[in-house]
Amino acid sequence: MRIVFLGTGTGIPQKNNYPTAIYVESDKSKVVFDFGEGIMKSLIEKNIDINDIDAVFLTHFHVDHVIGIVPLLFAFRYEANPRKKTFYIMGPRGTKNFIGRLFKTFKGQLEPTSYKLVIKELPLNKPMNFKDIKIKTFKTNHRRESIGYIIYSGKKRICYTGDTGYDKDYKKVLKKIDILITECSLPIDVKNHLNPQKLIKLLEDIKPSQTYLVHIYPVMKRSAIVRHLINRKVFIPKKYSEILI
């Protein structure tokens with residue numbers, strides 16, 4: 001399995017970075033977790049054809065995690081190279097309504113013309129198989145609809161939380177996680193987000209083998225606390241960094 005960080009930032013513009021999105025490629029599938037502004041460009045820069053992407057998995061409906069779906073669906077309609085294979089949009093409760101409202105807003109510019117679109121709302125804590133990838137969702141502490149994903153690769157467990165605050169229940173939900181991909185938004189305490197102190201508490205609870213930090217605001221990168229976290233097997237990936245499992 002190949003994991004690529006298509007973006008590690010937020011909705012605040014940053015030079016040479018985009019909002020957080022995670023690309024996962026297995027033998028038979030190519031999927032993206034969250035799809036904010038600029039992510040389609042990231043795929044092209046990594047030589048990944050957008051028509052080869054099988055699915056997008058959403059964590060919640062904040063703009064920096066979903067707005068890239070609009071130009072993506074629009075690009076699928078390009079007459080010279082229209083998409084042919086089925087495309088899946090999966091996410092928490094409310095995903096069907098969210099996509100439906102996008103269709104209504106853009107009035108005929110996003111609906112499929114040459115392929116089938118499947119929209120699924122995923123139940124919590126129930127494993128599912130998407131082609132050859134096993135995935136399980138769990139509730140996260142951010143918005144009412146927010147979910148995270150546990151991705152299984154052989155005996156390895158990779159967790160992408162999306163945006164989240166600290167939750168004591170993660171100690172049970174995220175047991176035996178090998179790779180944790182989570183946020184550390186700001187050096188100050190903000191509701192429904194992690195700061196370094198809360199992140200350390202989370203790491204002490206679940207003890208992942210490795211942790212990669214995403215959804216990092218520019219002010220966070222300048223914080224001396226970040227350097228302290230590096231000593232805890234915590235990494236801050238650059239855009240387009242890869243993990244091979």
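Strand S5 and strand S6 (residues 117-121) pair in the parallel sense over 5 bridges. Helices (H or I, at least four residues) and strands (E, at least two) are DSSP runs, numbered from the N terminus. Two strands pair if DSSP finds at least two bridges between them. The model is predicted, so local features need pLDDT of at least 70 and side-chain atom pairs count only at pLDDT 80 or more, whereas totals for chains, interfaces and linings use all residues. Residues are numbered from 1 along each chain as its sequence is written, and side-chain values use heavy atoms, with hydrogens and water left out.

Within the pairing of S5 with S6, Lys120 is the bridge partner of Met90. S5 also pairs with strand S4 (residues 55-57), in the parallel sense and over 3 bridges. There, Val56 has Ile89 as its bridge partner in S5. Of the 5 residues of S5, 4 are buried, so the strand is largely enclosed by the rest of the structure. Buried denotes under 20% relative accessible area, exposed over 50%, and partly exposed in between (1.4 Å probe, protein chains only).

Ile89 belongs to S5, which spans residues 87-91. Its relative accessibility is 0%, so Ile89 counts as buried. Contact means heavy atoms within 4.5 Å. Not counting residues up to four places away in sequence, Ile89 touches Val56, Leu58, Ile69, Leu73, Thr95, Ile99, Leu117, Val118, Ile119 and Lys120. Ile89 and Val31 are 58 residues apart in sequence, and their C-alpha atoms are 9.9 Å apart in space.

Thr95, one of the residues touched by Ile89, lies in helix H4 (residues 95-106). Thr95 counts as buried because its relative accessibility is 0%. Residues up to four places away in sequence aside, Thr95 touches Phe61, Ile89, Ile119, Lys120 and Glu121. A polar atom of the Thr95 side chain lies 2.6 Å from the backbone oxygen of Pro92.

Pro92 also lines the largest pocket, together with Arg93, Leu122, Pro123, Leu124, Lys139, Arg144, Glu145 and Ile147. Pockets were located on a 1 Å grid over the protein atoms alone, as open sets of points with protein on both sides within 12 Å along at least five of seven lines; lining residues have an atom within 4 Å of a point. The largest pocket holds about 180 Å³ of space. Grid points are joined across faces, edges and corners, and a volume is the space filled by probe spheres set on the points. The lining divides into 5 nonpolar residues, no polar ones and 4 charged ones. Ala, Val, Leu, Ile, Met, Phe, Trp, Tyr, Cys and Pro count as nonpolar, Asp, Glu, Lys and Arg as charged, and the others, Gly among them, as polar.

An open sheet is formed by 7 strands in the order S7-S8-S9-S10-S11-S12-S13, with mixed pairing. Strand S7 (128-130) and strand S13 (234-235) are the edge strands, each pairing on one side only. S7 runs antiparallel to strand S8 (residues 133-139), and 3 bridges join them. Phe130 stands opposite Ile133 in S8. S8 is joined to S9 by 6 bridges, again antiparallel. In that pairing, Ile135 stands opposite Ile151 in S9.

Strand S9 (residues 147-153) has 7 of its 7 residues buried, so it is largely enclosed by the rest of the structure. Ile147, Tyr149, Ile151 and Ser153 point one way from S9, while Gly148, Ile150 and Tyr152 point the other way. S9 and strand S10 (residues 156-160) run antiparallel and are joined by 5 bridges. Tyr152 stands opposite Arg157 in S10. The two strands form a hairpin with 2 residues between them, and Gly154 in the turn has a positive phi of about 60°.

A positive phi, of about 50°, is also taken by Lys207, just after helix H6. H6 (residues 196-206) has as its buried residues Pro196, Leu199, Ile200, Leu202, Leu203, Asp205 and Ile206.

Toward the start of the numbering, Leu6 is found in strand S1 (residues 2-7). Leu6 is buried, with a relative accessible area of 0%. The C-alpha atoms of Leu6 and Lys239 are separated by 5.8 Å, although the residues are 233 apart along the chain. Beyond its neighbours within four places in sequence, Leu6 is in contact with Tyr18, Ala21, Tyr23, Val32, Ile39, Ser42, Leu43, Lys239 and Tyr240.

Note on methods
A polar contact is a pair of N or O atoms within 3.5 Å; within protein, one must be able to donate a hydrogen and the other to accept it, and residues adjacent in sequence count only if both atoms are side-chain atoms. On a 1 Å grid over the protein atoms alone, a cavity is a set of points where a 1.4 Å probe fits but cannot get out, and a pocket is an open set with protein on both sides within 12 Å along at least five of seven lines; lining residues have an atom within 4 Å of a point.
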